[in-house]
Amino acid sequence: MPVRRESKRTGVFTRRALLVAGAQLTALGVLGAKLYQVQVVEGAKYATLADTNRISARLIAPPRGRLLDRSGVAVGGNNQNWRALLIAEQTADVGSTLDAFAKIVTLADHERARIERELRRHRRFIPITVREFLSWEDMAAIEVNAPDLPGILIDVGTTRQYPFGASLAHVVGYVAPPNESDMGEEPMLALPGIRIGRSGLEKFHDLKLRGKAGAVQLEVNAVGRVIRELERQEGTQGEDITLTIDATLQQQVLSHLGDESASAVVMDCRNGEVLAMATNPSFDPSVFNSGVSQAQWLEWTKNRRAPLINKAAAGLYAPGSTFKMVVALAGMEAKAISPWDKINCPGFLDLGDSRFHCWSRGGHGMLDLHGGLKNSCDVYFYEVARRTGMDHIAAMANRFGLGVPLDIELPGARKGFVPTRNWRIAQGHPWNIGDTIVHGIGQGYLQLTPMSLCTMVSRLATGRAVQPHLTRSIGGVIQRGARAEDWPSLGLSERELHAVRDGMWAVINEEHGTAPIAKLLLPNIQMAGKTGSTQVRRVSREAREHGFKSEDMPWEFRPHALFVAFAPYDAPKYALAVVVEHGNAGAATAAPIARDIMTDVLNRDPAAHREAPAQRVAEGGHSG
Amino acid sequence: MSVTERRLIRETSFGLTGKLWQVSWLYVLLLCALASVGYVALYSAGGGAEPYASRHILRFAFGLTLMLSIAMVDIRFIARLSWVAYAGGVILLLMVAHMGHVGKGAQRWIDLGGMQWQPSEFMKLALILALASWFHRASWERMGNPLFLLPPALAVLVPVGLILKQPNLGTAVITAVVGATVFLGAGLRWWKVVVLVGAAAAAVPLAYNHLHDYQRARITTFLNPESDPLGAGYNIIQSKIALGSGGMWGKGFMQGTQNHLNFLPEKQTDFVFTIIAEEFGLAGTLAVLGLLTVLVFGGMLMALRCRHQYGRLVALGISMNFFMYVFVNVAMVMGAIPVGGVPLPLISHGGSAMIMVMIAFGVLMSVYVHRDVEFSDGREDG
């Protein structure tokens with residue numbers, strides 16, 4: 001039955017073909033449903049993932065704010081840093097490009113090794129720095145030879161520049177690449193070439209100087225190559241900060257310090273603006289920008305003149321005779337003495353079994369306050385201290401900014417130390433009357449910075465509690481403290497202050513004062529001041545009597561020489577403090593330096609050199 | 001054969017013009033539409049007509065000519081060559097096993113005529129022809145005879161085994177499924193179908209142990225693509241992102257970020273569907289999927305329309321083969337199945353695959369053109 005057989009076979013085929021078609025339709029339907037699921041239901045998720053794939057957000061570092069001196073001269077600025085970069089994929093042979101580069105601009109072996117290391121580490125389209133800080137000659141040579149240098153391109157970055165270099169290194173500070181512990185808080189710090197303040201004002205004002213990072217959204221492909229820029233949000237440039245420092249004066253002051261291991265502070269005594277703060281020896285702050293070598297670091301830290309320390313703000317010295325004004329004022333306020341009370345100086349003061357010598361072996365005879373300060377008589381101040389008591393002296397010292405924190409914008413600044421009886425007793429020792437007596441001439445446990453001594457003189461000269469400060473304006477806004485009225489009165493009697501100033505005037509300007517050498521050679525302007533020399537090592541009486549001279553001792557055992565002063569005497573404007581480490585006598589070493597500095601200050605009159613006053617005055621403290 | 005039936009059967013032979021009239025020009029038009037989709041996708045993949053799109057359309061023109069030429073060849077002549085083709089396919093597979101190119105961990109390519117060919121593609125067509133030829137003379141009763149089924153079963157297993165050895169799991173599975181479909185259409189008893197499916201399911205864990213590392217990796221990453229996002233899972237993740245980010249209407253022609261920023265792997269070949277998905281969205285993918293479905297069912301209709309068993313089985317096999325390409329490729333780019341190395345026919349860039357697909361469509365069209373010819377099954381009672 002051929003027809004029946006054929007139809008049976010055909011029927012089976014038809015049914016099964018339809019079955020297969022049904023299965024195919026089902027399978028394709030499932031695919032369609034799955035496409036709907038992926039493309040529409042989960043579409044948003046995958047769209048986000050696609051954007052995550054293609055968009056790479058990168059931060060752009062804004063230029064760091066500049067630091068300007070009081071007349072607007074940059075003391076910390078940004079320099080353009082012309083660099084030669086190499087993009088490996090743009091040259092057929094990296095080796096021959098580098099060979100050609102080495103012929104035009106030298107390329108040391110270790111530089112070449114670094115370049116090859118970086119080339120291995122990065123993808124071929126990432127630019128590698130070949131050479132930084134190109135000179136104009138180098139750049140011209142590279143441009144001329146461009147055809148021989150495929151893959152080399154020149155671009156410009158910024159680098160921190162300190163036009164006044166070492167002379168302002170301790171005040172301005174320096175920047176250095178951030179380390180890993182700095183990174184956590186701020187993603188901007190991970191950018192290549194970024195620097196943060198590590199010392200001085202660069203560190204104190206770091207956040208303001210840094211500014212806010214901008215961001216750029218880049219479209220990148222699968223291997224990370226940038227295809228185009230989608231969006232750019234410029235950052236906020238760091239703020240320019242104007243300092244109270246006068247950069248020219250700073251250099252003059254430093255030059256007067258000569259080769260001594262010394263420091264000097266000059267302030268506008270009416271408002272506490274620090275006009276110069278010089279420390280010698282110093283260091284080149286730009287070295288930290290690129291990294292300090294081990295040898296350089298060892299040389300700095302082993303040097304007993306300690307070039308890295310800001311001696312003006314962090315160096316601690318016994319004030320010696322420069323402390324005598326504070327003792328006198330404490331005595332007058334405690335009603336222990338009056339300016340015209342006379343005290344006899346036979347050359348020594350006996351107290352029980354102890355005998356305290358005056359620096360003048362023959363003694364000064366009968367002295368009032370004027371004579372005591374003029375001659376810097378030790379016995380006079382032994383007696384004043386004995387009558388006044390340590391706690392009154394310490395309280396007065398604190399009012400003059402000694403032994404208390406000063407609001408100076410230097411991270412390394414120290415407050416020094418003024419002892420009290422309770423402090424000694426808390427240590428488990430008795431406070432003897434002899435202790436009070438040695439503190440009467442600024443010895444004992446006293447440890448003060450030149451910065452605080454200058455503050456002391458400023459307060460003496462003006463009777464106001466001025467605070468030393470270094471920041472005049474931030475982003476054009478004058479900070480509080482620029483006017484004398486910003487500072488409260490010390491609350492001391494003008495009569496007593498005048499008595500002390502009068503004594504300081506006599507030190508320089510009267511016959512037989514201790515520092516006639518400091519007399520200004522300027523018409524109609526007089527300076528008042530006070531010497532100080534403080535022993536680093538105790539000298540026995542026998543040695544003294546056998547014609548001992550401190551100049552014969554090794555350098556590090558010689559006494560420190562100090563001098564504090566203000567001028568003009570009749571209308572105080574400027575105060576200064578000079579400390580010469582191991583300079584022997586204050587009168588011999590420090591006083592001439594002080595005279596020369598004050599002469600320059602008065603000639604230059606830096607208080608008049610300042611930017612135009614801004615309309616606004618910032619709220620809060622002067623340091624912002 | 002009854003008189004009425006004889007009347008229905010066309011002339012045993014008819015002229016070239018008559019044959020051309022019998023070609024399904026609608027089907028040809030649909031193929032051209034699909035190739036145009038390929039042109040658009042490859043234009044986007046290459047960022048212009050070069051390097052993929054223009055070559056794609058040239059190859060298609062060549063393939064179309066080839067297809068129409070084959071369509072003119074009498075199906076009975078093709079049937080006579082079935083076993084010759086089969087033998088040739090097996091020889092090519094043996095050749096590739098000994099001297100073929102190794103690419104991506106598998107030895108599956110052979111150089112011929114300046115192009116690289118995968119003999120396994122040719123083998124699938126030859127297998128369909130050979131099986132159809134064998135079952136062409138099989139009555140319903142004979143289909144119940146196990147001894148009669150043994151030679152065609154071997155004819156399936158030999159090439160499947162050789163393709164597995166390459167190794168090319170995807171093509172081996174497709175070959176086996178296509179062969180099984182021809183068996184099914186020929187009238188294999190249902191219980192045997194059930195046994196076969198069961199045996200195949202049981203073989204899965206056995207087969208897994210014999211897989212190459214790259215194949216196992218593919219399965220592992222299929223199950224959890226995020227386990228290795230930059231390695232083996234990268235392709236799947238990026239292709240799913242491209243697919244999904246297309247949304248309903250897509251990002252627009254040439255606007256696909258995954259495509260143009262090179263996140264898409266092998267985008268012009270196996271993953272070309274993701275370009276369509278990213279740039280034209282669900283609308284585009286469903287349209288293309290619809291076009292492919294129409295082409296599959298067109299082939300199935302040709303099978304149903306054919307009056308001889310050989311043609312029916314050939315058309316069924318070729319349609320199934322085309323369907324398997326589409327299903328495996330689309331499911332693969334969606335990360336739904338762990339298979340690789342299967343292009344999307346007429347859309348993916350690749351010369352030899354295109355030519356083979358067009359040859360198969362030529363045979364299909366020959367079946368259609370010769371759907372009513374008298375084709376004796378060689379039995380005396382016919």
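Ala, Val, Leu, Ile, Met, Phe, Trp, Tyr, Cys and Pro count as nonpolar, Asp, Glu, Lys and Arg as charged, and the others, Gly among them, as polar. Keep this sorting rule at hand for the exercises below, and remember that the model is predicted.

**Exercise 1. Sort the lining of the second largest cavity into nonpolar, polar and charged residues.**

Solution.
Step 1: Collect the lining. It consists of B:Tyr325, B:Pro343, B:Leu344, B:Pro345, B:Leu346, B:Ser348, B:Gly350, B:Ala353, B:Met354 and B:Val357.
Step 2: Apply the rule. Ser and Gly are not on the nonpolar or charged lists, so they count as polar.
Step 3: Write down the result: eight nonpolar, two polar and no charged residues.
Step 4: Place this cavity in the model. Its volume is about 60 Å³, and helix 16 of chain B gives the most to its lining, with three residues.

**Exercise 2. Now do the same for the largest cavity, and find which elements give two or more residues to its lining.**

Solution.
Step 1: Start with the overall picture. The structure holds two cavities of 30 Å³ or more, and the largest has a volume of about 120 Å³.
Step 2: List the lining: B:Glu121, B:Leu125, B:Ile128, B:Ile318, B:Asn321, B:Phe322, B:Tyr325, B:Met356, B:Val357, B:Ala360 and B:Phe361.
Step 3: Match residues to elements. Helix 7 (119-136), helix 15 and helix 16 (351-369) of chain B each give two or more residues.
Step 4: Sort by class. The lining divides into nine nonpolar, one polar and one charged.

**Exercise 3. Which residues have the most contacts inside the largest nonpolar core?**

Solution.
Step 1: Look at the core as a whole, which has 123 residues.
Step 2: Pick out those with the most contacts inside it: B:Phe135, B:Tyr310, B:Leu346, B:Phe361 and B:Met365.
Step 3: Ask where the largest share comes from. Helix 15 (residues 309-333) of chain B supplies 17 residues.
Step 4: Zoom in on B:Phe361. Residues up to four places away in sequence aside, B:Phe361 touches B:Tyr27, B:Leu31, B:Met67, B:Phe322 and B:Leu346.
Step 5: Turn to chain A, where A:Val175, A:Tyr380, A:Trp431 and A:Val457 are among the members of a second, separate core of 94 residues.
Step 6: Recall the general trend: in soluble globular proteins, nonpolar side chains tend to be buried together.

**Exercise 4. Is A:Ser376 buried or exposed? And how does A:Ala306 count?**

Solution.
Step 1: Take the cut-offs: buried is under 20% relative accessible area, exposed is over 50%, and partly exposed lies in between.
Step 2: A:Ser376 has 4% relative accessibility, so A:Ser376 is buried.
Step 3: A:Ala306 has 23%, so A:Ala306 is partly exposed.
Step 4: Check the backbone too. Neither is a glycine, yet phi is positive, at about 45 degrees for A:Ala306 and about 55 degrees for A:Ser376.
Step 5: Locate them in chain A. A:Ala306 sits in the loop between helix 12 (294-302) and helix 13 (311-314), and A:Ser376 in the loop between helix 15 (369-375) and helix 16 (378-388).

**Exercise 5. Where do the prolines A:Pro281 and B:Pro51 lie, and what is omega for the bond before each?**

Solution.
Step 1: A:Pro281 is in the loop between strand 12 (273-280) and helix 11 (287-290) of chain A. The bond from A:Asn280 is cis, with omega near -5 degrees.
Step 2: B:Pro51 lies in helix 4 (residues 49-72) of chain B. The bond joining B:Glu50 to B:Pro51 is cis, with omega about 0 degrees.

Methods. Residues are numbered from 1 along each chain as its sequence is written. Chains are lettered from A and ligands numbered from 1 in the order in which they are written. This is a predicted model: local features need pLDDT of at least 70, side-chain atom pairs count only at pLDDT 80 or more; totals for chains, interfaces and linings use all residues. Side-chain values use heavy atoms; hydrogens and water are left out. A nonpolar core is a set of buried Ala, Val, Leu, Ile, Met, Phe, Trp, Tyr and Cys residues joined through side-chain atoms within 4.5 Å. Buried means under 20% relative accessible area, exposed over 50%, partly exposed in between (1.4 Å probe, protein chains only). Helices (H or I, at least four residues) and strands (E, at least two) are DSSP runs, numbered from the N terminus. Contact means heavy atoms within 4.5 Å. On a 1 Å grid over the protein atoms alone, a cavity is a set of points where a 1.4 Å probe fits but cannot get out, and a pocket is an open set with protein on both sides within 12 Å along at least five of seven lines; lining residues have an atom within 4 Å of a point. Grid points are joined across faces, edges and corners, and a volume is the space filled by probe spheres set on the points.
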